[in-house]
Amino acid sequence: VVLILLAEHTNSMADTILSRCIVHALRPLRRQQITDYLTKVHKLSQAEAELLSAVADGSIGKAEELRSQEGYQEERRNANLLAADLLTRQPFYRIAPRLKTLATGKEQTQELLEHMERWYRDLLLLSLGESTPGLVNVDQKQELLQHTGRYPLEVLMGLIRLIEQGKNDLERNAQPGYVLKNLVIRRLQQA
């Protein structure tokens, strides 16, 4: 009998179990492999396949899930708009009405925060002069380039830390609406 156990991290497994296992690390697939799969099997355009493969983090299963998820592109667009609004420190009264529609549940808010974090990560990479193969928001490269150089790296890192705090608050069962409002207020309080 062969038993297959899957874990994201081996340190989360009990030593008594781990000592009796053969560990085989599954590496993420390259973006091009996922892009090729999506264009051949699902007949997606090259641009759409590249975007999904960038967000999928090396997982065909995640790419498949995103492809079939209704409203995914709109969620992503809303997250990126919120990220840009926080970056440019738009007033609370402009952002607040949208927060109610964005924070409908824990899972959706988690996804929103992850989209925002990827947007800031891409902006950080471009600000550091990194090449574009590592970009996730490949379709928004021009918009991201407009923000490069306008904000110190400390601001971008601070925004990423705020999102991590929001994700931690969600894990501690804070209400999604509270998490997003708190994120906006913390950003507006930054010097």
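**Group meeting talk: helices, cores and a few loop residues**

Hi everyone, let's start in a loop: L26 sits between helix α1, residues 15–18, and helix α2, residues 31–41. Before I go on, please remember that this is a predicted model. So, is L26 buried or exposed? Its relative accessibility is 66%, so L26 counts as exposed. Have a look at L6 as well: L26 and L6 are 20 residues apart in sequence, and their C-alpha atoms are 9.7 Å apart in space.

Let's move along to α2 and its partner α3, which covers residues 46–55. The axes of α2 and α3 come within 8 Å and cross at roughly 135°. That angle makes α2 oblique to α3, and the crossing is right-handed. Which residues of α2 meet α3? On the α2 side they are R31, Q32, I34, T35, L38 and T39, and they meet Q46, A49, E50, L52, S53 and A54 in α3. Sorted by class, this contact has five nonpolar, five polar and two charged residues.

Now find K43 in the loop between α2 and α3. What is special about the phi of K43? It is positive, about 55°, although K43 is not a glycine. K43 is also exposed, because its relative accessible area is 67%.

Next come the helices I would like you to spend some time on. Find α7, residues 106–127, and α9, residues 153–171. Their axes come within 10 Å and cross at roughly 165°. How do α7 and α9 run relative to each other? An angle over 145° counts as roughly antiparallel, and α7 and α9 therefore fit that description. Their crossing is left-handed.

The list of residues here is a long one, so I'll just pick some out. From α7, the contact includes L113, M116, Y120, L123 and L124. From α9, it includes L156, L159, I160, I163 and L170. Charged residues take part too, among them K106, E114 and R121 in α7 and E164 and K167 in α9. By class, the contact of α7 with α9 has twelve nonpolar, four polar and seven charged residues.

Helix α9 has another partner, α10. The axes of α9 and α10 are 10 Å apart, and the helices pack at an angle of about 155°. Therefore α9 and α10 are roughly antiparallel to each other as well. The crossing of α9 and α10 is right-handed, whereas the crossing of α7 and α9 is left-handed. From α9, the residues V155, L159, L162, I163, Q165, G166, D169 and L170 meet P176, V179, N182, L183, R186 and R187 in α10. These divide into eight nonpolar, three polar and three charged.

On the way from α9 to α10 there is a loop, and N173 is found in it. N173 has a positive phi, near 70°, and is a residue other than glycine. With 59% relative accessibility, N173 counts as exposed.

Let's turn to the inside. How many residues does the largest nonpolar core have? It has 31, and those with the most contacts inside it are L82, L86, L87, L113, M116, W119 and Y120. Helices α5 (72–87), α6 (92–102), α7, α9 and α10 (176–189) each give two or more residues to this core. Which element gives the most? That is α7, with eight residues.

If you want one residue to click on, try L87. Leaving out residues up to four places away in sequence, L87 touches W119, Y120, L123, H147, Y151, V155, L156, L159 and R187. Apart from this core lies another one, of 13 residues, including A49, A54, A63 and L66. You have already met A49 and A54, on the α3 side of the contact with α2.

One last stop: D122, in helix α7. Is D122 buried or exposed? D122 is buried, because its relative accessible area is 0%. Which residues surround D122 in the contact list, once neighbours within four places in sequence are set aside? They are G134, L135, V136, N137 and L144.

That's my tour, and thanks for listening!

Note on methods: Residues numbered from 1 in each chain as written. Predicted model: local features only at pLDDT ≥ 70, side-chain atom pairs only at ≥ 80, totals over all residues. Heavy atoms only, no water. Axes fitted to C-alpha atoms, helices over the stretch in contact; angles between N-to-C directions. Helix = DSSP H or I, 4+ residues; strand = E, 2+ residues; numbered from the N terminus. Parallel < 35°, antiparallel > 145°, perpendicular 65-115°, else oblique. Left-handed = near helix turned anticlockwise from the far one by under 90°. Contact = heavy atoms within 4.5 Å. Core = buried A, V, L, I, M, F, W, Y, C linked by side-chain atoms within 4.5 Å. Buried < 20%, exposed > 50% of the residue type's maximum accessible area, 1.4 Å probe, protein only.
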